[in-house]
Amino acid sequence: MRFIIILFIIFFTACSSPISSLDVNMYNASGDYVGKVTLSESEEGVLIKLKVEGFSPGFHGIHIHEFPECDGPEFKSAGNHLNPEGKKHGLLHPDGPHLGDLPNVEADGSGLIETEVTLNGATLKEGKTSLLKGGGTSLIITEEQDDGMTQPSGSSGVRLACGKIVDPKKQQSEWPSDPTEEGESEEKEDE
Ligand SMILES: [Zn+2]
């Protein structure tokens, strides 16, 4: 009997434990896998670690968008920048920023973006600023850098790569096959 009670405790603890980190697979407009982003809960918000490739050298905009939909060619299905508090766009705007606004990231000479940024005030737990609220959100990297001021998206240009930010438990039940397997087999090694 005691053993069964312990089993129940383990079971319910596992089910109710909040997500502290999750992986996001990034794809370009052609549907090719371009790398992985890891999100984890931090003191200030959500820490975002990127390792993605295939970009032009230099700075690119990166934002969290409203919907977990990455349908090409321009990923319009992802919606606008995540903005649950009705603010203006831009980290430099006096009435900003959107919750989904992030500092620009830089691709090196080979087109690799390998860096970390923090999304201040966001969470992976439940709540108004959760990235998993309402089924999830998405992460998009753009062609141009975000000027931090221009409405509605900082003149950040074409949306180049998109990844869905969804609860990994729900993702498993929706897609019986692992979507990363297919993507990684298509990953190109040539630079
Ligand atoms: Zn914005």
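**Exercise 1. Place β3 between its partners, starting from its pairing with β7.**

Solution. Eight bridges connect β3 with β7, and the two strands run antiparallel. Strands here are DSSP runs of E with at least two residues, helices are runs of H or I with at least four, and both are numbered from the N terminus. Two strands count as paired if DSSP finds at least two bridges between them. The model is a predicted one: local features need pLDDT of at least 70, side-chain atom pairs count only at pLDDT 80 or more, and totals for chains, interfaces and linings use all residues. Residues are numbered from 1 along each chain as its sequence is written.

Step 1. Find a residue pair between β3 and β7. Val-52 stands opposite Ile-113 in β7.

Step 2. Turn to β2. Strand β2 (residues 33-41) is joined to β3 (residues 45-52) by seven bridges, again antiparallel.

Step 3. Read the register of β2 against β3. Gly-35 faces Val-52 in β3. Ser-40 stands opposite Leu-47 in β3.

Step 4. Close the turn. A hairpin of three residues leads from β2 to β3.

**Exercise 2. Write out the strand order of the sheet and name its edges.**

Solution. Step 1. Recall the principle. Strands of a sheet pair through backbone hydrogen bonds, either parallel or antiparallel.

Step 2. Give the order. Seven strands make an open sheet, β5-β8-β9-β1-β2-β3-β7, with antiparallel pairing.

Step 3. Mark the edges. They are β5 (62-65) and β7 (113-120), each pairing on one side only.

Step 4. Add the twist. Neighbouring strands of this sheet are turned by 25° against each other on average, direction ignored. Axes are lines fitted to C-alpha atoms, for helices over the stretch in contact, and angles run from 0 to 180 degrees between N-to-C directions.

Step 5. Set the sheet in the whole protein. The secondary structure comes to three helices and nine strands. Along the sequence the pattern reads α-β-β-β-β-β-β-β-β-β-α-α.

**Exercise 3. Describe the largest nonpolar core and the surroundings of Ala-161.**

Solution. Step 1. Fix the terms. A residue is buried if 20 or more other C-beta atoms lie within 10 Å of its own, exposed if 12 or fewer, and partly exposed in between, with C-beta atoms placed from the backbone. A nonpolar core is a set of buried Ala, Val, Leu, Ile, Met, Phe, Trp, Tyr and Cys residues joined through C-beta atoms within 7 Å.

Step 2. Start from the whole. Of the 191 residues, 34% count as buried.

Step 3. Count the core. The largest nonpolar core has 36 residues. Those with the most contacts inside it are Met-26, Val-37, Leu-39, Val-52, Ala-161 and Cys-162.

Step 4. List the contributors. Two or more residues each come from β1 (21-28), β2, β3, β5, β6 (105-107), β7, β8 (137-142) and β9 (159-165).

Step 5. Zoom in on Ala-161. Leaving out residues up to four places away in sequence, Ala-161 touches Met-26, Tyr-27, Asn-28, Val-34, Val-52, Ile-140 and Ile-141. Contact means C-beta atoms, placed from the backbone, within 7 Å.

Step 6. Check the sequence range. Of the contacts in the protein with a separation of 6 or more, 59% come from residues 24 or more positions apart.

**Exercise 4. Inspect the backbone of the loops β5-β6 and β8-β9.**

Solution. Step 1. Take the loop between β5 and β6. Pro-97 lies there. A cis peptide bond joins Gly-96 to Pro-97, with omega about -5°.

Step 2. Stay in the loop between β5 and β6 for Phe-75. Its phi is near 55°, a positive value in a residue other than glycine. Phe-75 is buried, because 24 other C-beta atoms lie within 10 Å.

Step 3. Move to the loop between β8 and β9, which holds Pro-152. Gln-151 and Pro-152 share a cis peptide bond, omega about 0°.

Step 4. Examine Ser-155, also in the loop between β8 and β9. Its phi is near 50°, positive in a residue other than glycine. Ser-155 has 15 C-beta neighbours inside 10 Å, so Ser-155 counts as partly exposed.

Step 5. Find what surrounds Ser-155. Not counting residues up to four places away in sequence, Ser-155 touches Glu-144, Asp-147 and Thr-150. The C-alpha atoms of Ser-155 and Gln-145 are separated by 7.5 Å, at 10 residues apart along the chain.

Definitions and conventions. Two residues are in contact if their C-beta atoms, placed from the backbone, lie within 7 Å.
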